[in-house]
Structure formats: C-alpha cells, structure tokens
Amino acid sequence: DPQYAGAVSIFYIMYVGTAFDLVIGPLGFTLYSLDRPDVLAKIAIGKVVLHAAANWILIPMYGAHGAAWASIVTRVLGGLVAVAIMLRTIRKSAAA
C-alpha cells in the first residue's frame, strides 16, 4: 500500500536491531544462571537512560528515523555490555 511506503526504511533499521537482539539477547539471560540478575537490572536501567537521551537528541533532527536509530543503538550497546559481563563472569568462575 503506497501510504506505508515511507515506513519501509524505518522498518529496515528496526529489523537490524531486532535481528541482533534475537541472537544476542538470550545470551544475556545466562547471567540469571550465574546468579547475577542484578547486572541485567542495571543494564536495563542504563538502556532506558540511553534510549531517552538518544531519542531526545535524534528525534528532533531526524524524526521517526532518529527514533529507530536510537532504538537500534540502545539494543546493540545493551546486548554487547550484557555479553561482555557474562563472559567476564564465566571466566572468573572458571578460574576459581
């Protein structure tokens, strides 16, 4: 439908973030099994703050595309931080 043609590029941006989250997201939940759910809570709080700040900066400049980019950046950074902490926690427990 032509009325939705403008949303296609936004969908593609969001798709990349969702695909990343589908692959990396479940790895972060390994922190539950490592008895570190506090880390996930802290990451979630950081993601909320980052997402709000990115939206505040990007939406006035880029509109819906800015919101999509804010979302993808928040998802990717949050996922990478969770995986990095998970790997560090696993290494520490393996060394102990």
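1. A good place to start is W56, which is exposed, with a relative accessible area of 72%. That tryptophan sits in helix α3, the run covering residues 37-62. Keep in mind throughout that this is a predicted model. If you want a landmark for W56, look at A70: the two are 14 residues apart along the chain, and their C-alpha atoms are separated by 9.3 Å.

2. Next, have a look at the largest pocket, whose volume is about 220 Å³. It is lined by 14 residues, and the ones closest to its centre are G25, F29, L40, K47 and A82. Pick those five in your viewer and you should land in the right spot.

3. Which helices supply the lining of the largest pocket? At least two residues each come from α1 (8-28), α3 and α4 (64-95). Helix α4 gives the most, with five residues. Sorted by class, the lining has seven nonpolar residues, four polar ones and three charged ones.

4. On to the charged pairs: the count comes to three salt bridges. One of them joins R75 to D21, with the closest N and O atoms 3.7 Å apart. R75 belongs to helix α4 and D21 to helix α1, so this pair ties together parts that are 54 residues apart in sequence. How accessible are R75 and D21? R75 counts as partly exposed at 24% relative accessibility, and D21 is partly exposed too, with a relative accessible area of 27%.

5. Another salt bridge links R36 with D38, and here the closest N and O atoms are 3.3 Å apart. R36 has 30% relative accessibility and counts as partly exposed. D38 is also partly exposed, its relative accessible area being 31%.

6. D38 has a further partner in K42, with 3.9 Å between the closest N and O atoms of that salt bridge. A salt bridge needs the nitrogen within 4 Å of the carboxyl oxygen, so the K42 pair at 3.9 Å still counts. Where do K42 and D38 sit relative to each other? They are four residues apart in helix α3, so about one helical turn separates them. Is K42 buried or exposed? At 57% relative accessibility, K42 counts as exposed. Through shared partners, the salt bridges join R36, D38 and K42 into one network.

7. If you only have a minute, I'd check three spots: exposed W56 in helix α3, the largest pocket around G25, F29, L40, K47 and A82, and the R75 to D21 salt bridge between helices α4 and α1.

Technical notes: Residues numbered from 1 in each chain as written. Predicted model: local features only at pLDDT ≥ 70, side-chain atom pairs only at ≥ 80, totals over all residues. Heavy atoms only, no water. Buried < 20%, exposed > 50% of the residue type's maximum accessible area, 1.4 Å probe, protein only. 1 Å grid on protein atoms, 1.4 Å probe; cavity = no way out; pocket = protein on both sides within 12 Å on 5 of 7 lines; lining within 4 Å. Points joined across faces, edges and corners; volume = space filled by probe spheres on them. Nonpolar A, V, L, I, M, F, W, Y, C, P; charged D, E, K, R; others polar. Salt bridge = Lys/Arg side-chain N within 4 Å of Asp/Glu carboxyl O.
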